[in-house]
2 protein chains.
Amino acid sequence: MEREELFKKISVENDKKMVLLVLDGLGGLPLNGRTELETARTPNLDLLAAESELGLSHPIAPGITPGSGPAHLSLFGYDPLQHEIGRGILEALGVGVEVSARSVAVRGNFATLENGLVSDRRAGRIATEKNREIISYLSGKIKKIEDVEVRLYSGEEHRFVLVLTGDGLDDRLTDADPEATGKPLLYAKAKNEPAAKTARVINLFIDRLTSELAGRPPANTCLLRGFAKYPAIPSMAERFKLRAAAIAVYPMYRGLAQLVGMEILETGRTIGDQVATLKKHYAEHDFFFLHVKKTDSYGEDGDFVHKVGVIEEFDRWLPEVLELTPDVLVVTGDHSTPARMQGHSWHPNPVLLKSPYQRYLPSGGSALDAIACGPPDGQGCGKAGAAAARAKFSEGACARGILGQMYAMDVLPLMMANALKFKKYGA
Amino acid sequence: MEREELFKKISVENDKKMVLLVLDGLGGLPLNGRTELETARTPNLDLLAAESELGLSHPIAPGITPGSGPAHLSLFGYDPLQHEIGRGILEALGVGVEVSARSVAVRGNFATLENGLVSDRRAGRIATEKNREIISYLSGKIKKIEDVEVRLYSGEEHRFVLVLTGDGLDDRLTDADPEATGKPLLYAKAKNEPAAKTARVINLFIDRLTSELAGRPPANTCLLRGFAKYPAIPSMAERFKLRAAAIAVYPMYRGLAQLVGMEILETGRTIGDQVATLKKHYAEHDFFFLHVKKTDSYGEDGDFVHKVGVIEEFDRWLPEVLELTPDVLVVTGDHSTPARMQGHSWHPNPVLLKSPYQRYLPSGGSALDAIACGPPDGQGCGKAGAAAARAKFSEGACARGILGQMYAMDVLPLMMANALKFKKYGA
């Protein structure tokens, strides 16, 4: 039996609540001996860590640095190598475009054509303002090609997203991009028979756009690549019998949550707004995914100090989440984004899981007794209070945690188990 | 190459002895800060733990709670998601029925039929005595249907097992069970052509039984479900070149051992009897599976104290096993059965492995030196003697163990390696 078929078979509905708090790019690398998380003053996370099971999770597999798409699929319990999300779809999700199972999404560049040759693949990086103007003009002119609906969305500078929606579309096309200047436009080719219609429509689109923009250099043609259908991923309702909801500020993460059928809750821009949204809708769902973006953004910028600041801000809001007393709570990242590396990395992420069925129960004094007698999440074998005082939510403590090293795609199954939402497998 | 094909290719015979001691449902959850295993006084296990490699094993995967069938297949080195054991077969094994590759086993309920409708799906939970009487009567009346041999076995109360043996039998049938009262009998339907014969025989059986029991309410008909063929699992001899033997008291575990071709050794009811059986047959096999059931039974009853007692009883017999000086010894559970949960759970199980090739050798001073320099199985970094004195076979110590967290199906391959029964893979 396949893993995901197994989940479908053993999942049951109940009224337990699960909350997954994701700090994007949480894991880090040390500067002066401490990672971003270890540097942050996080009294609430630390207290929680002393009462939780800790571990480290690999987003995909040891050594693999993931993009946001596969990293989140993992956290949602899906095998990220089994469900691929095409680049075009991710771009579309990133600009907040509605895409459906009948859509193909495409990344576009405005480019410059001179004497029949591409002279600039980015149309001199036109201003985003200019881009919006052109897209608005084109949207009025090109609404349909054959029976296929055409929608266009501005990105930054020369970038845009094209979404085709219609019957019988296919994404198995070669890129319509010469990949070098001084060459003529390259048209898309169908890799196989079912994609012939899509290739024809794409190439008609290139010609239409080029003729509409004739005499308007530098943006007078386009290059198209990353053709991608909306992936057919079974929803979390189908797979896990969950009424799942997402609280995310950035379009891409709302889009990723939508891919697995979560309801997207309207929210504001700050962590405080997001927590308020969680409280407001807490009765309506049994699984909440709350996504904090800025840890990753500052990591990407190489800004150690401000990444620390976002973690501290999150920590200040944590008590309001804890007041909801979710049955199962997880705090983790989707991948590491060490400020020192200014980008995503393969380092496993801290995972904290709190549940009434965790092996080392911290209720009352006994938890701390347990720590004193040796469970690995506590950092010492001294007195209870001392152990708690030393506890810290950190990469180091997680590396010694009782959850060990795990795959991120096992986090959601573990939450399901702890929420008693999985039946026994086999007799 | 498939995992199991690999094992077949690299397994070699030698005269090394491996002993797998399984305490059913061993893993637990704490009560007053300590699990059942941590509460038990186990001086012999603790001494052994100080000289062994420790780890935690997931029966199936993180978060998955297994039944006894898949949990034991894992411990025997088989992928439990690849080899499924149908419910009917497990029931048959549970009542100690002989089943073969030509058999289909079925779970039966005696039920009550009134005016053509099922009025009680359990025939008023007739006494087990009454059940035996009816089965004995029917066994004399229904011996064959077409060319298929029919055998019947009493279970508890209204339950029985039907075993059909013949050529061309198939288990792809819908259940013959209306699943509600007030409905007429439901006959089995073949899900595909090869199962047509079996469906016909099953439905003839229902009619024969119902006519034989006419006028004998409340048990005057039957419901049948969980049709299952004897699974075709390659034996441990084929797969691992082992002469394997099982020492188990309960029929289901003897049956599971038989599924993978172990020889079933006659034994008594107590752990002492089982250890005596091990000693008696020690020369004849190179792999022994000794199964202690009562840890699980008390766990299922929610009886923390008596589960502790069984672990302590096991501990008293351990020295007699150690006297045999097996080359590789493993002590573990098939799954956790925390008394607090009164049932199986997903929590990983303690694993203890002792072998001359374990990485941290405790022989003489060096073992203890090793502990003193910090391998994770020792609980302190003080003096050797102190470390050994504090060592404990427990979930907490196993969570810090050098074996880490592993899949249960990797335990047997690890035993094979430590017994030098695996050749190198590849050149």
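Here are legends for four close-up views of a predicted model.

**View 1. Helices α6 and α7 of chain A pack against each other.** Helix α6(A) covers residues 128-141 and helix α7(A) covers residues 196-212. Their axes sit 11 Å apart and make an angle of about 120 degrees, and the crossing is right-handed. On the α6(A) side, look for Y137(A), L138(A) and K141(A); α7(A) brings R208(A), L209(A) and E212(A) to the contact. Sorted by type, that gives three nonpolar residues, three charged and no polar.

**View 2. Strand β8 of chain A is largely enclosed by the rest of the structure.** Strand β8(A) runs over residues 221-229, and eight of its nine residues are buried, so there is little of this strand left uncovered. Strand β3(A), residues 103-114, pairs with β8(A) in the antiparallel sense, with seven bridges between them. To find your place in this pairing, start at A105(A), whose bridge partner in β8(A) is A228(A).

**View 3. Chain B holds an open sheet of eight strands with mixed pairing.** Going across, the order is β10-β9-β11-β1-β12-β13-β2-β14. The edges are β10(B), residues 263-264, and β14(B), residues 404-407, each pairing on one side only. Inside that order, β12(B) (residues 328-332) and β13(B) (residues 349-354) are antiparallel partners joined over four bridges. Here L329(B) stands opposite K354(B) of β13(B).

**View 4. Helix α10 of chain B packs on the sheet.** This helix, residues 271-280, touches β1(B) (18-23), β9(B) (244-248) and β11(B) (287-292). The direction of α10(B) makes about 175 degrees with that of β11(B).

Key
Residues are numbered from 1 along each chain as its sequence is written. Chains are lettered from A and ligands numbered from 1 in the order in which they are written. This is a predicted model: local features need pLDDT of at least 70, side-chain atom pairs count only at pLDDT 80 or more; totals for chains, interfaces and linings use all residues. Side-chain values use heavy atoms; hydrogens and water are left out. Axes are lines fitted to C-alpha atoms, for helices over the stretch in contact, and angles run from 0 to 180 degrees between N-to-C directions. Helices (H or I, at least four residues) and strands (E, at least two) are DSSP runs, numbered from the N terminus. A crossing is left-handed if the near helix is turned anticlockwise from the far one by less than a right angle, and right-handed if clockwise. Contact means heavy atoms within 4.5 Å. Ala, Val, Leu, Ile, Met, Phe, Trp, Tyr, Cys and Pro count as nonpolar, Asp, Glu, Lys and Arg as charged, and the others, Gly among them, as polar. Buried means under 20% relative accessible area, exposed over 50%, partly exposed in between (1.4 Å probe, protein chains only). Two strands pair if DSSP finds at least two bridges between them.
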